[in-house]
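Work through the exercises below with the model open beside you. Try each task before you read its solution.

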Amino acid sequence: MEHLINPLVREIQISGIRKISNLVSTIPGALTLTIGQPDFPTPRHIIEAGQRALDQNKTVYTQNPGLLELREAVANFVHVKYGQTYRPADEIIVTAGASQAVDITLRTILTPGAEVIIPAPIYPGYEPLIRLAGGVPVYVDTRENGLKLTADLLEPYLTDKTRCVILCYPSNPTGQVLSEKELADLAQLLADRELFILSDEIYSELVYGQQHYSIATLGKLREKTIVINGLSKSHAMTGWRIGFTLAPAYLTEHMTKVHQYNVTCASSVSQYAALEALTVGVDDALPMRSAYEARRDYVYDRLVAMGIELEKPDGAFYLFPSIAKFGLSSMDFTMKLLQEEHVAVVPGDAFTSFGEGFIRISYAYSQEVLEESLNRLERFIGKLR
Ligand SMILES: Cc1ncc(COP(=O)(O)O)c(C=O)c1O
């Protein structure tokens, strides 16, 4: 009977990140730098707000796009932090994590054959959802361009079939961010074209030493951009499953229908916790950001001292060093490192084939784990030379 299953679903591969982390669990004493989730606990006051919601029986459906007070808090948060302006009543949807926000966006805007341009290497969560919606991913190789999608690099890929351009900055897996000038150049290129921009800004609170800029704040771009954000990374709330979309009303109206028939609403308890996070906890990310920044500097300096080539990232909690000079594929490098030194990283090809020649190191781990893992990595590459 399996042949009756939707081929679009059958062809989806499980994420390469999960494959490695499943393997790690079978090796005793293995250290892992694989997972993209904060190692900090959810701030206590947010947990308590969730508990209060339970105690007060706030356990029923909310409005489909989420509690109005939460949408108001979202609107205020993104306005104060990034200068984005959205109406709580009809331009914001609270979703089950940023993942569901990506899904409802793509299912609302894509038709069969529609092309979606994606800078690569990239987070592997987009392609399966694009394909399920009948779209066609078109990857732009950013490896020779400092791992950034710039206007010059993008222009040749735009066709009549392009329906969407995905921007994911700060980037998973590269940690790169786009400057205001780089975004302005992209905005100029895209302003008069009939296409949408999906701007995944889930790491917006984790930008080091500079401001986070959003393409949606540049001139006409707001009208064609769906901004995706959420609390998974900023407030260490991955398991609460709270994300949101910010998009003009004409888009939000249709996305809300997909959302409604998909999940009805995000978890009510999590929404009350999110309300606390975006009111009392607006600056909860700041101490975590300082810790990540110090770790980024530590890991970056250690890798440079080992003679490893990499772009210094300004956001998220990943480094994406090149391992090309060791003459092993990224998968072979990763497996050998895991077997010989019991340290797990993610092979670059988990982020499309354009990640070949790289590994992703997550530094959302304690200083002790980072230090010991890097000692092991150093010993490993010493043997490869
Ligand atoms: C770029 C990017 N977008 C979206 C997500 C999904 O976030 P959430 O856990 O809120 O669904 C992730 C998670 O790793 C991510 O890295």
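## Exercise 1: strand β12

**Task.** Find the bridge partner of Val346 in β12, then place β12 among its neighbours.

**Solution.**
Step 1. Val346 has Arg360 as its bridge partner in β12. Strands here are DSSP runs of E with at least two residues, helices are runs of H or I with at least four residues, and both are numbered from the N terminus.
Step 2. β11 pairs with β12 in the antiparallel sense, over 2 bridges. Two strands count as paired if DSSP finds at least two bridges between them.
Step 3. Strand β9 (residues 318-319) also pairs with β12, antiparallel and over 2 bridges. Leu319 stands opposite Ile361 there.
Step 4. Now check the faces of β12. Ile359 and Ile361 are buried on one side, and Arg360 and Ser362 are buried on the other. Buried means under 20% relative accessible area, exposed means over 50%, and partly exposed lies in between (1.4 Å probe, protein chains only).

A note on the basis: this is a predicted model, in which local features need pLDDT of at least 70, side-chain atom pairs count only at pLDDT 80 or more, and totals for chains, interfaces and linings use all residues. Residues are numbered from 1 along each chain as its sequence is written, and side-chain values use heavy atoms, with hydrogens and water left out.

## Exercise 2: the open sheet

**Task.** Write down the strand order of the 7-stranded open sheet, and find which strands stand at the edges.

**Solution.**
Step 1. The order is β2-β8-β7-β6-β5-β3-β4, with mixed pairing.
Step 2. β2 (92-95) and β4 (136-141) are the edge strands; each has a single partner strand, so one side of each lacks a neighbour in the sheet.
Step 3. Neighbouring strands are turned by 20 degrees against each other on average, direction ignored. Axes are lines fitted to C-alpha atoms, for helices over the stretch in contact, and angles run from 0 to 180 degrees between N-to-C directions.
Step 4. Helix α4 (residues 68-82) packs on the sheet. Helix α4 touches β2, β7 (225-230) and β8 (243-246), and its direction makes about 110 degrees with that of β2. Contact means heavy atoms within 4.5 Å.
Step 5. Look at one pair inside the sheet. β5 (residues 162-168) and β6 (residues 196-200) run parallel over 5 bridges. Val165 stands opposite Ile197 in β6.

## Exercise 3: domains and cores

**Task.** Give the domain bounds, then say which domains feed the largest nonpolar core.

**Solution.**
Step 1. Domain 1 covers 2-42 + 285-384, and domain 2 covers 44-279. The bounds come from an automatic or database domain assignment.
Step 2. The C-alpha centres of the two domains lie 24 Å apart. Their contact takes 37 residues from domain 1 and 39 residues from domain 2.
Step 3. The largest nonpolar core has 62 residues; Leu303, Phe333 and Leu377 have the most contacts inside it. Such a core is a set of buried Ala, Val, Leu, Ile, Met, Phe, Trp, Tyr and Cys residues joined through side-chain atoms within 4.5 Å.
Step 4. Helix α5 (residues 97-109) gives the most to this core, with 6 residues. Domain 1 and domain 2 each supply at least three residues.
Step 5. Follow Phe333. Beyond its neighbours within four places in sequence, its contacts include Ile323, Phe326, Ile359 and Leu377.
Step 6. A second, separate core has 28 residues, among them Ala75, Val94, Ala216 and Leu231.

## Exercise 4: unusual backbone

**Task.** Locate the cis bonds before Pro121 and Pro173, then compare the settings of Thr264 and Thr352.

**Solution.**
Step 1. Recall the background: most residues other than glycine have a negative phi, and most peptide bonds are trans.
Step 2. The Ala120 to Pro121 bond is cis, with omega about 5 degrees. Pro121 is in the loop between β3 (115-120) and α6 (126-132).
Step 3. The Asn172 to Pro173 bond is cis, with omega near 20 degrees. Pro173 is in the loop between β5 and α8.
Step 4. Thr264 has a positive phi, near 70 degrees. Thr264 lies in the loop between α9 (249-263) and α10 (268-279). Its relative accessibility is 28%, so Thr264 counts as partly exposed.
Step 5. Thr352 has a positive phi of about 80 degrees. Thr352 lies in the loop between β11 (346-347) and β12 (359-362). At 15% relative accessibility, Thr352 counts as buried.
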